[in-house]
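Biologist: Hello! I am new to this structure and would like to get to know it through a few questions. Could you show it to me?

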Amino acid sequence: MVIGGGYAGTLAANRLRTRADVDITLVNPRPKFVERIRLHQFVARTGDATIDYGTLLSEGLQLVVDSATRIDTTARTVQLASGRELDYDYVIYAVGSTGAETIAAAVDKPVVTVRQVAHRARERVRARRKRFEPVNEAETARITEQFMTAATTGDLKGLLARLAPEAIWTADSVAEPPRHADQCSGRRRWPRSS
Ligand SMILES: Cc1cc2nc3c(=O)[nH]c(=O)nc-3n(C[C@H](O)[C@H](O)[C@H](O)COP(=O)(O)OP(=O)(O)OC[C@H]3O[C@@H](n4cnc5c(N)ncnc54)[C@H](O)[C@@H]3O)c2cc1C
């Protein structure tokens with residue numbers, strides 16, 4: 001599910017549509033895409049600032065004209081202003097600029113946690129810092145490629161084969177509270193915990 005049919009949400013939804021095994025629902029309060037960068041033309045009456053989603057969205061994508069009011073990350077549901085409730089497997093939250101308070105209320109987390117996550121994300125993007133320094137660039141690129149192929153094709157056996165037997169999985173308890181344990185060792189136990 002993609003919440004917000006702006007530039008980011010529309011692009012994300014169309015991009016995901018390239019995968020045949022994914023059903024995508026886009027939730028947006030208006031039935032038309034608002035081109036924010038043309039709003040000055042709309043105000044000056046020199047142009048239009050809306051485009052039909054029909055001309056933008058890929059075939060097979062479901063548009064729900066409504067506003068998300070709450071995301072229940074435990075039940076994996078999104079409540080809409082109309083009273084409807086939609087299930088999701090994964091959600092992309094692309095509602096444009098908004099305050100930490102709104103996000104905190106939507107995901108039912110303290111405002112301070114949301115600010116902390118956003119701050120860390122911004123710092124990381126600014127620093128262009130690698131999380132880990134690869135020992136061998138070429139080998140790291142090869143393993144990453146194999147990992148991505150295994151992960152995107154749902155090949156769990158292939159994915160496990162890429163992990164070191166003694167791999168340690170650590171939950172980021174700020175981003176997502178661990179469902180089982182904070183940490184577990186060994187590649188066999190990792191898929192059950194994550
Ligand atoms: C007047 C103006 C002029 C601009 N000019 C430029 C420019 O010239 N160049 C430039 O690079 N950038 C410009 N920007 C900035 C640019 O528009 C934003 O960076 C861009 O829109 C961000 O895209 P987005 O998809 O994140 O959010 P948006 O485009 O804001 O889209 C968010 C979408 O989410 C929807 N939404 C909000 N809440 C909910 C909810 N609860 N449930 C479901 N849907 C929801 C909104 O209705 C909207 O459709 C301008 C912005 C404005 C306002």
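Biologist: Which class, nonpolar, polar or charged, has how many residues in the shell around the ligand?

Modeller: Happy to help, and please keep in mind that this is a predicted model. Glycine counts among the polar residues here. By class, the shell has one charged residue, eight polar ones and 11 nonpolar ones.

Biologist: Which element supplies the largest share of that shell?

Modeller: Helix 1 (7-16), strand 2 (25-28) and helix 2 (39-43) each give at least two residues to the shell around the ligand. The largest share is three residues, and the element supplying them is helix 1.

Biologist: Which residues come nearest to the ligand?

Modeller: There are 20 residues around the ligand. Of these, the ones that come nearest are G4, G6, A8, R36 and G96.

Biologist: Let us turn to the strands. Which residue in the turn between strand 6 and strand 7 has a positive phi?

Modeller: Strand 6 (residues 68-72) pairs with strand 7 (residues 77-80) in the antiparallel sense, over four bridges. D72 stands opposite T77 in strand 7. The two strands form a hairpin with four residues between them, and the turn residue with a positive phi, about 55°, is R76.

Biologist: Over which residues is the pLDDT below 50?

Modeller: For the protein chain, the mean pLDDT is 84, and 86% of the residues reach 70 or more. One stretch has six contacts in the model beyond near neighbours in sequence, and its pLDDT is below 50: residues 174-178.

Methods:
Residues are numbered from 1 along each chain as its sequence is written. This is a predicted model: local features need pLDDT of at least 70, side-chain atom pairs count only at pLDDT 80 or more; totals for chains, interfaces and linings use all residues. Two strands pair if DSSP finds at least two bridges between them. pLDDT is the predictor's confidence in each residue, from 0 to 100. Two residues are in contact if their C-beta atoms, placed from the backbone, lie within 7 Å. A residue is near a molecule or strand if its C-beta atom, placed from the backbone, lies within 6 Å of it.
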